[in-house]
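Trainee: I have a new structure open and would like to learn how to read it. Could we go through it together?

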Number of protein chains: 2
Amino acid sequence: MPIEMANRVKDSIGGVGEFIRSQRALARMSLRQLADKAKVSNPYLSQIERGLYRPSAEVLKAIAEALNISAETLYARIGLVDPDREERRPSVEEAIRLDSKLTTDQKETLLSVYRNFAGSS
Amino acid sequence: MPIEMANRVKDSIGGVGEFIRSQRALARMSLRQLADKAKVSNPYLSQIERGLYRPSAEVLKAIAEALNISAETLYARIGLVDPDREERRPSVEEAIRLDSKLTTDQKETLLSVYRNFAGSS
DNA sequence: AGCAGGTGCTTGGTAGACTTAGCATCGTGA
DNA sequence: TCACGATGCTAAGTCTACCAAGCACCTGCT
């Protein structure tokens, strides 16, 4: 494990590790208990808590469930979910693309009309 | 990671890929365009779309942003967010009504076309 | 003393996420 | 005809998330 890398990573994700460790302490679980419950190895969990590695979202989710906290809380800590997503306005393009009642051709037609109306984007 | 979980996820890998590919087609972007915008290499995006690899949540988020769709949509696809917490789908009608780039007449036209499409299928 | 079992940490290795370089094919223009 | 640029894909390598085995330390029990 390269040291300069560890420092760079630590800056960005150290917060998650400390947070997990504090939550684990509050839940009065040992490292091994939490690791088993979250189905990760205990050395790996140790490394995560010390900020040496950046866990995948799946591992984060498993840890969150083992700790009985919401996965979104952890996601937010590493910027996986937008903090300002509640005030995000629905995009017409996205809404059209996701609509299950439209065929692909109909989507293309609507999108083309919409782009024509809206101008650029 | 637990085996049955891995399989469940693996089954849906292809689904994300196909979904991304179809969304890219609707957005009329080439593989390279989307790859550049999402800051991943184009061969890797190609492999994701063909279901060869399971992209990390960060890559998924970058792709979602490049496609102007919400990251939660993709997360839900691979089971990263709980199904009961699943966001409600953006409504085309609402999105059109809220769009600030359209005039009232244009909105009415679009809505009329949309209702015609959605109703008859 | 000496074991038994708990704590967290180190080491060494594997698999797969991700990259750079480059190939094959197509359409378009000179 | 011969580039040319754009398309998606293959090959081969690097990096790192993650695991199994085992170490060092502590506390309690006999």
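Trainee: Let me start with a pair of helices. At roughly what angle do the axes of helix 2 and helix 4 of chain A cross?

Mentor: Keep in mind first that this is a predicted model. As a general idea, two packed helices are described by the angle between their axes and the distance between the axes. Here, the axes of helix 2 (residues 31-38) and helix 4 of chain A cross at roughly 115 degrees and come within 8 Å. Helix 2 of chain A passes helix 4 of chain A in a right-handed crossing.

Trainee: Which residues make that contact?

Mentor: Helix 2 of chain A brings A:Leu34, A:Lys37 and A:Ala38, and helix 4 of chain A brings A:Ala62, A:Ile63 and A:Ala66. Sorted by class, this contact has five nonpolar residues, no polar ones and one charged.

Trainee: How do residues on one helix come to share a side?

Mentor: An α-helix has 3.6 residues a turn, so residues three or four places apart point the same way. You can try this idea on the residue numbers in the contact we just listed.

Trainee: Now for helix 2 and helix 3 of chain A: at roughly what angle do their axes cross?

Mentor: Their axes cross at roughly 110 degrees and come within 9 Å. Helix 2 and helix 3 of chain A are therefore roughly perpendicular to each other. From helix 2 of chain A the contact takes A:Leu31, A:Arg32, A:Leu34 and A:Ala35, and from helix 3 of chain A it takes A:Asn42, A:Leu45 and A:Ser46. That contact has four nonpolar, two polar and one charged residues.

Trainee: Let me step back to the whole of chain A. How many helices and strands does chain A have?

Mentor: Chain A has seven helices and zero strands, and its pattern along the sequence reads α-α-α-α-α-α-α. Of the 121 residues in chain A, buried residues make up 29%. Look also at contacts in chain A between residues at least 6 apart in sequence: 48% of them join residues at least 24 apart.

Trainee: How do I tell whether a residue such as A:Val81 is buried or exposed?

Mentor: Count its neighbours. A:Val81 counts as buried because it has 20 C-beta neighbours inside 10 Å, and 20 is where the buried class starts. A:Val81 sits in the loop between helix 5 (71-77) and helix 6 of chain A. Leaving out residues up to four places away in sequence, A:Val81 touches A:Glu72, A:Tyr75, A:Ala76 and B:Ala71.

Trainee: And how do B:Glu72 and B:Asp105 count?

Mentor: B:Glu72, in helix 5 (residues 71-77) of chain B, counts as partly exposed because it has 19 C-beta neighbours inside 10 Å. B:Asp105, in helix 7 (residues 104-120) of chain B, counts as exposed, with 9 such neighbours inside 10 Å.

Trainee: How far apart in space are those residues from others in their chain?

Mentor: Set the sequence separation beside the C-alpha distance. B:Glu72 and B:Leu60 are 12 residues apart in sequence and 9.6 Å apart in space. B:Asp105 and B:Tyr53 are 52 residues apart in sequence and 46 Å apart in space.

Trainee: Where do the two chains meet, and how many residues does each give to the contact?

Mentor: Chain A gives 31 residues and chain B gives 31 residues. On chain A, helix 4 (57-67), helix 6 (92-98) and helix 7 (104-118) each supply at least two residues of the side that touches chain B. The largest share of that side, eight residues, comes from helix 7 of chain A. By class, the side has 16 nonpolar, five polar and 10 charged residues.

Trainee: Which residues come closest to DNA strand C?

Mentor: Of the 17 residues that surround DNA strand C, the closest are A:Ser30, A:Leu31, A:Pro43, B:Ser41 and B:Tyr44. Helix 2 and helix 3 of chain A, together with helix 3 of chain B, each supply at least two residues of the surface near this strand.

Trainee: And which come nearest to DNA strand D?

Mentor: There are 20 residues around DNA strand D, and A:Ser56, B:Ser30, B:Leu31, B:Pro43 and B:Ser46 come nearest. The surface near DNA strand D has 10 nonpolar, six polar and four charged residues.

Methods:
Residues are numbered from 1 along each chain as its sequence is written. Chains are lettered from A and ligands numbered from 1 in the order in which they are written. This is a predicted model: local features need pLDDT of at least 70, side-chain atom pairs count only at pLDDT 80 or more; totals for chains, interfaces and linings use all residues. Two residues are in contact if their C-beta atoms, placed from the backbone, lie within 7 Å. Helices (H or I, at least four residues) and strands (E, at least two) are DSSP runs, numbered from the N terminus. Ala, Val, Leu, Ile, Met, Phe, Trp, Tyr, Cys and Pro count as nonpolar, Asp, Glu, Lys and Arg as charged, and the others, Gly among them, as polar. Axes are lines fitted to C-alpha atoms, for helices over the stretch in contact, and angles run from 0 to 180 degrees between N-to-C directions. A crossing is left-handed if the near helix is turned anticlockwise from the far one by less than a right angle, and right-handed if clockwise. A residue is near a molecule or strand if its C-beta atom, placed from the backbone, lies within 6 Å of it. A residue is buried if 20 or more other C-beta atoms lie within 10 Å of its own, exposed if 12 or fewer, and partly exposed in between; C-beta atoms are placed from the backbone. Angles under 35 degrees count as roughly parallel, over 145 as roughly antiparallel, 65 to 115 as roughly perpendicular and the rest as oblique.
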